[in-house]
Amino acid sequence: MRLITVAGPPSAGKTSVILKLAEALDFENGKMGVVKFDCLTSFDHFRYEEKGIPVKTGFSGKLCPDHFFVSNIEGSVNWGLRSGFQLLITESAGLCNRCSPYIRGVLSICVIDNLSGINTPRKIGPMMKMADIVTVTKGDIVSQAEREVFAFNIRQVNPSAKIIFINGITGQGATILAKQVQNAEEITSLRDSRLRFTTPAAVCSYCTGETRIGEEYQMGTMKKMEFEGDQV
């Protein structure tokens, strides 16, 4: 089974890209599955179900979404293997931009919206920097010059990534992405595999549900800004 990790900021068009990719790959029904990782809520499972694609959705809730992903990716792969999928795609909704859900040896795709701002590629962090492929959506509604500047900023962050523009409505560009996916390595397990980037180091009282403001309530790993006039 091939495993693909797809990540990107909210509303970048990840689900649309995956659905157009599925059309381009033209798998038999039941041969491709999706595991959607989100924080609080999602309605994307309706879109997958409409296309006959088996889908599981997991919500991190109060937990760090990156830790939630790592804790459940092996179980997701086992589900895909038991289901007889030829391809399993994980979709992560942006997470926190501090991390990336990418795994060594597993094809990783970052989806980013061309309308999100010219400097957005420089703000996303490891999710962009560590990806094998950067897929750009909504490039059809900006000028050629804007597309080129956007692609230039992506290359500044990740010179080795392949950049593919995809129209999430028409599917233009999905065939190019499908060829990359078809060349992905097959896996039988993720046991002893490693993430490409570390998950957040900070574990503080707010990570575990504290809501009160004040130093007496702040425990664990904290990072303070310095302001003029602060008492040292």
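The exercises below, each followed by a worked solution, concern a predicted model.

**Exercise 1.** Work out in which order the strands of the open sheet are arranged, and which strands stand at its edges.

*Solution.* Begin with the sheet as a whole: seven strands form an open sheet with parallel pairing, and their order is 3-2-4-1-5-6-7. Next, look at the two ends of that order, where strand 3 (55-59) and strand 7 (162-166) each have a single partner strand, so one side of each is left without a neighbour in the sheet. Finally, consider the twist: neighbouring strands are turned by 20 degrees against each other on average, with direction ignored.

**Exercise 2.** Decide whether Asn 114 is buried or exposed, and describe its surroundings.

*Solution.* First place the residue, which lies in the loop between strand 5 (107-113) and helix 4 (120-123). Then compare its relative accessibility with the cut-off: buried means under 20%, and because Asn 114 has 7%, this residue counts as buried. Lastly, list its contacts beyond four places in sequence, among them Val 136, Thr 137, Phe 150 and Phe 165. Thr 137 also appears in the sheet, as the bridge partner of Asp 113 in strand 6.

**Exercise 3.** Describe the lining of the second largest pocket, and find which element gives the largest share of that lining.

*Solution.* Start with the pocket itself, which has a volume of about 210 Å³ and is lined by 14 residues, with Pro 10, Ser 11, Lys 14, Lys 36 and Asp 44 nearest its centre. Helix 1 gives the largest share, three residues. Sorting the lining by class then yields three nonpolar, five polar and six charged residues.

Key. Residues are numbered from 1 along each chain as its sequence is written. This is a predicted model: local features need pLDDT of at least 70, side-chain atom pairs count only at pLDDT 80 or more; totals for chains, interfaces and linings use all residues. Side-chain values use heavy atoms; hydrogens and water are left out. On a 1 Å grid over the protein atoms alone, a cavity is a set of points where a 1.4 Å probe fits but cannot get out, and a pocket is an open set with protein on both sides within 12 Å along at least five of seven lines; lining residues have an atom within 4 Å of a point. Grid points are joined across faces, edges and corners, and a volume is the space filled by probe spheres set on the points. Helices (H or I, at least four residues) and strands (E, at least two) are DSSP runs, numbered from the N terminus. Ala, Val, Leu, Ile, Met, Phe, Trp, Tyr, Cys and Pro count as nonpolar, Asp, Glu, Lys and Arg as charged, and the others, Gly among them, as polar. Buried means under 20% relative accessible area, exposed over 50%, partly exposed in between (1.4 Å probe, protein chains only). Contact means heavy atoms within 4.5 Å. Two strands pair if DSSP finds at least two bridges between them. Axes are lines fitted to C-alpha atoms, for helices over the stretch in contact, and angles run from 0 to 180 degrees between N-to-C directions.
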